[in-house]
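Me: I'm new to this one and would like to learn how to read it. Could you walk me through it, step by step?

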Amino acid sequence: MMMIIIGMALVTMVPRFIPVFIVDRIQFPEWINQWLNVIPYAALGALIFPGVLTVIPERPWIGFVGGLVAVLLAIFRVQTILIVVIASGVIFLLA
């Protein structure tokens, strides 16, 4: 049983570590580098957006307004903790 667990751990770890050693040696074109740089933001948006719309399932517009407030504050480079507090306050007031 322990060998199966170790084997599964290796099978999942190897594909994750290979890019770490290979990416440093490959010179990508600039457009690929730009595309790779936005992947974390796209993944974060994909993880956060469904939660924004389900803050209050009966009234998804409240979460949307709170998310919009957070985006606007981020555009103006407000500190992250203030964005969280203000967006949460907007949601609290609308709920």
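Reply: Sure. Keep in mind that this is a predicted model. Let's begin with a pair of helices: H3 and H4 are roughly antiparallel to each other.

Me: What angle do H3 and H4 pack at, and how far apart are their axes?

Reply: For directions taken from N to C, angles over 145 degrees count as roughly antiparallel. Here helix H3 (residues 60-75) and helix H4 (residues 80-94) pack at an angle of about 155°, and their axes are 9 Å apart. The crossing of H3 past H4 is right-handed.

Me: Which residues of H3 and H4 meet?

Reply: On the H3 side, look for Trp-61, Ile-62, Val-65, Gly-66, Val-69, Ala-70, Leu-73 and Ala-74. Their partners in H4 are Ile-83, Ile-86, Ala-87, Val-90, Ile-91 and Leu-94. By type, the residues of this contact between H3 and H4 split into 13 nonpolar, one polar and no charged.

Me: What sits between H3 and H4?

Reply: A loop, and Arg-77 lies in it. To read its backbone, start from the general idea: most residues other than glycine have a negative phi. Arg-77 has a positive phi, near 60°.

Me: Is Arg-77 buried or exposed?

Reply: Exposed means over 50% relative accessible area. Arg-77 has 75% relative accessibility, so it counts as exposed.

Me: And how does Asn-33 read, buried, exposed or partly exposed?

Reply: Partly exposed covers the range between under 20% and over 50%. Asn-33, in helix H2 (residues 30-53), has a relative accessible area of 24%, so it is partly exposed. You can also set sequence against space: Asn-33 and Ala-87 are 54 residues apart in sequence, and their C-alpha atoms are 32 Å apart.

Me: Let's zoom out. How many helices and strands does the protein chain have?

Reply: Four helices and zero strands, giving the pattern α-α-α-α along the sequence. The globule rule gives 12 Å for 95 residues, but the radius of gyration of the protein chain is 20 Å, well over that, so the chain is more spread out than a compact globule.

Me: What box do the C-alpha atoms fill, then?

Reply: Along the principal axes, roughly 55 × 45 × 20 Å. As for burial, 11% of the 95 residues count as buried.

Conventions: Residues numbered from 1 in each chain as written. Predicted model: local features only at pLDDT ≥ 70, side-chain atom pairs only at ≥ 80, totals over all residues. Heavy atoms only, no water. Axes fitted to C-alpha atoms, helices over the stretch in contact; angles between N-to-C directions. Helix = DSSP H or I, 4+ residues; strand = E, 2+ residues; numbered from the N terminus. Parallel < 35°, antiparallel > 145°, perpendicular 65-115°, else oblique. Left-handed = near helix turned anticlockwise from the far one by under 90°. Contact = heavy atoms within 4.5 Å. Nonpolar A, V, L, I, M, F, W, Y, C, P; charged D, E, K, R; others polar. Rg over C-alpha atoms; globule rule 2.2 N^0.38 Å. Buried < 20%, exposed > 50% of the residue type's maximum accessible area, 1.4 Å probe, protein only.
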